[in-house]
Number of protein chains: 2
Amino acid sequence: MDHVRWLDEREARAWRRFQSLSARLDAALARSLADGSDLSYPDYSVLVVLTDQPGGRLRTNELATELGWEKSRVSHHVTRMAERGLVRREQCPSDQRGSYVAVTEEGRAAIDRAAPSHVAAVRRLFVDRLTPRQLDALAEISAIGLAALGDDPAGPAPDRQGRGQRGGRS
Amino acid sequence: MDHVRWLDEREARAWRRFQSLSARLDAALARSLADGSDLSYPDYSVLVVLTDQPGGRLRTNELATELGWEKSRVSHHVTRMAERGLVRREQCPSDQRGSYVAVTEEGRAAIDRAAPSHVAAVRRLFVDRLTPRQLDALAEISAIGLAALGDDPAGPAPDRQGRGQRGGRS
DNA sequence: CGCTAATGGATGACGTGTCAACCATCGGGG
DNA sequence: CCCCGATGGTTGACACGTCATCCATTAGCG
């Protein structure tokens, strides 16, 4: 059976728009973050995870899992952020090959400055435009997709990346 | 009023999962495309648009609009694709500063080879897991988001990028 | 006609992401 | 105790995107 099932009209419409939305929304948020702070979107994601951590530090590989990034990506990005003083690498006492990544004071200050306007943008450009029902539908649909990717959204890794809500108190 | 409305639990769940899904789905499709063809995801998108065009060519700026890309991105990417023989730049007779981008035979062959497995992946990883109702809900939600970004999804630019369905006959 | 502003596009620099090695350390058998 | 595979992490090469800048052409208008 070498016959291909192309997407029908309903499927194509949903898929196209979904693709388009994720690309543009991402771009818009990155831009909004870029002016109004000197953090990139990836910077922001890293800082969110770290500042949510008691002690503000995490083993590099746990940071990777938490973000859903490859280890090499984490390594590269941490290097760049460390050069800018946003985070710091620390030795791990119990495992000689391991290391911690820790937020610096400067990192905390940066995300505290950036977060309000970022969350506002998330609301303005998306979340506030959806009804509670739509929010739940979106969560459900996304969960299905994530499951198909072998990634249990409420599963083993307890809450996945990108909590745009700025987890911590502050 | 300097008080920030963070996302509540329902909003955060939907937003987090949506973010996570788009990132991972994109990555998965890129990888699936990468082995099984020598096209990247961006390559694929460009070729879809061009092959859907009568004559297989388009003015550079229309290509940009169609894809939702910045002109500089198009320019860079077309350069890379031209080096690999997938597309070709052509002079525009009516406007001396303009140019066309045209698919080559090699480009057509490449996308014809890549498309079936790509569409299969889109189905397997996402579309086939959703009910018709969910597809419609997703289309609706995405339309709202696109509108918030000032991008009318069924509007002036008549069908936006990323038609994963492989538009043309073949 | 001549000037100016807008348009189409290319380019360089730089930040980002992936892949494929690579190295060190750790842990578990023989 | 030693070796060997797994684990944690880094690095270099390269593709990709964005921004700012630049240049040529074109369109509008006095």
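Mentor: Ground rule to start: a residue is near a molecule or strand if its C-beta atom, placed from the backbone, lies within 6 Å of it. This is a predicted model, where local features need pLDDT of at least 70, side-chain atom pairs count only at pLDDT 80 or more, and totals for chains, interfaces and linings use all residues. Residues are numbered from 1 along each chain as its sequence is written, while chains are lettered from A and ligands numbered from 1 in the order in which they are written.

Trainee: OK, DNA first. Which residues come nearest to DNA strand D?

Mentor: Start with the classes: Ala, Val, Leu, Ile, Met, Phe, Trp, Tyr, Cys and Pro count as nonpolar, Asp, Glu, Lys and Arg as charged, and the others, Gly among them, as polar. On that basis the surface near DNA strand D has three nonpolar, 13 polar and eleven charged residues. Out of the 27 residues around this strand, the ones that come nearest are A:N61, A:S72, A:S75, B:S40 and B:Q96.

Trainee: And which elements give two or more residues to the surface near DNA strand D?

Mentor: Elements here are DSSP runs, numbered from the N terminus: helices (H or I, at least four residues) and strands (E, at least two). Both protein chains chip in at DNA strand D, namely α2 (41-51) and α4 (71-83) of chain B, plus, from chain A, α1 (9-34), α3 (60-67) and α4 (71-83).

Trainee: Now the other strand. Which residues come nearest to DNA strand C?

Mentor: The surface near DNA strand C divides into three nonpolar, 13 polar and eleven charged residues. Of the 27 residues around DNA strand C, the nearest are A:S40, A:Q96, B:N61, B:S72 and B:S75.

Trainee: Let's do the protein interface. Which element gives the most to the side of chain B that touches chain A?

Mentor: Contact means that the C-beta atoms of two residues, placed from the backbone, lie within 7 Å. By that test, 55 residues of chain B are in contact with 55 residues of chain A. On the chain B side, α1 (9-34), α5 (105-125) and α6 (132-148) each supply at least two residues. The biggest giver, with 17 residues, is α1(B).

Trainee: What rotation superposes chain B on chain A?

Mentor: Two copies of a chain are related by a rotation about an axis and a shift along it. The fit is by least squares on the C-alpha atoms of residues with pLDDT of at least 70 in both copies. Here the shift along the axis is 0.0 Å and the RMSD 0.0 Å, for a rotation of 180°. The two copies are thus related as by a two-fold rotation axis.

Trainee: What share of the interface residues of chain B are also interface residues in chain A?

Mentor: Compare the two sides residue by residue. The copies meet through the same surface, because the share of chain B interface residues that are also interface residues in chain A is 100%.

Trainee: Moving inside: is A:L47 buried or exposed?

Mentor: A:L47 is found in helix α2 of chain A, and it touches A:L86, A:V103, A:G107, A:A110 and A:I111, leaving aside residues up to four places away in sequence. The cut-offs are 20 or more other C-beta atoms within 10 Å for buried, 12 or fewer for exposed, and partly exposed in between, with C-beta atoms placed from the backbone. With 24 other C-beta atoms within 10 Å, A:L47 is buried.

Trainee: And A:P132, buried or exposed?

Mentor: A:P132 is found in helix α6 (residues 132-148) of chain A. Its C-alpha is separated by 28 Å from that of A:P42, 90 residues apart along the chain. Since there are 11 other C-beta atoms within 10 Å, A:P132 is exposed.

Trainee: Which residues touch the most other members of the largest nonpolar core?

Mentor: A nonpolar core is a set of buried Ala, Val, Leu, Ile, Met, Phe, Trp, Tyr and Cys residues joined through C-beta atoms within 7 Å. B:L138 touches A:A14, A:F18, A:I141 and B:L130, not counting residues up to four places away in sequence. Of the 84 residues in the largest core, those touching the most other members are A:L47, A:L50, A:L138, B:L47, B:L50 and B:L138.

Trainee: Last one: how many bridges join β2 of chain A to β3(A)?

Mentor: Strands pair if DSSP finds at least two bridges between them. β1 (residues 57-59) and β3 (residues 99-103) of chain A run antiparallel with three bridges, and A:L58 stands opposite A:V101. Strand β2 (residues 87-91) is also antiparallel to β3(A), with A:E90 opposite A:Y100. The number of bridges joining β2 of chain A to β3(A) is five.
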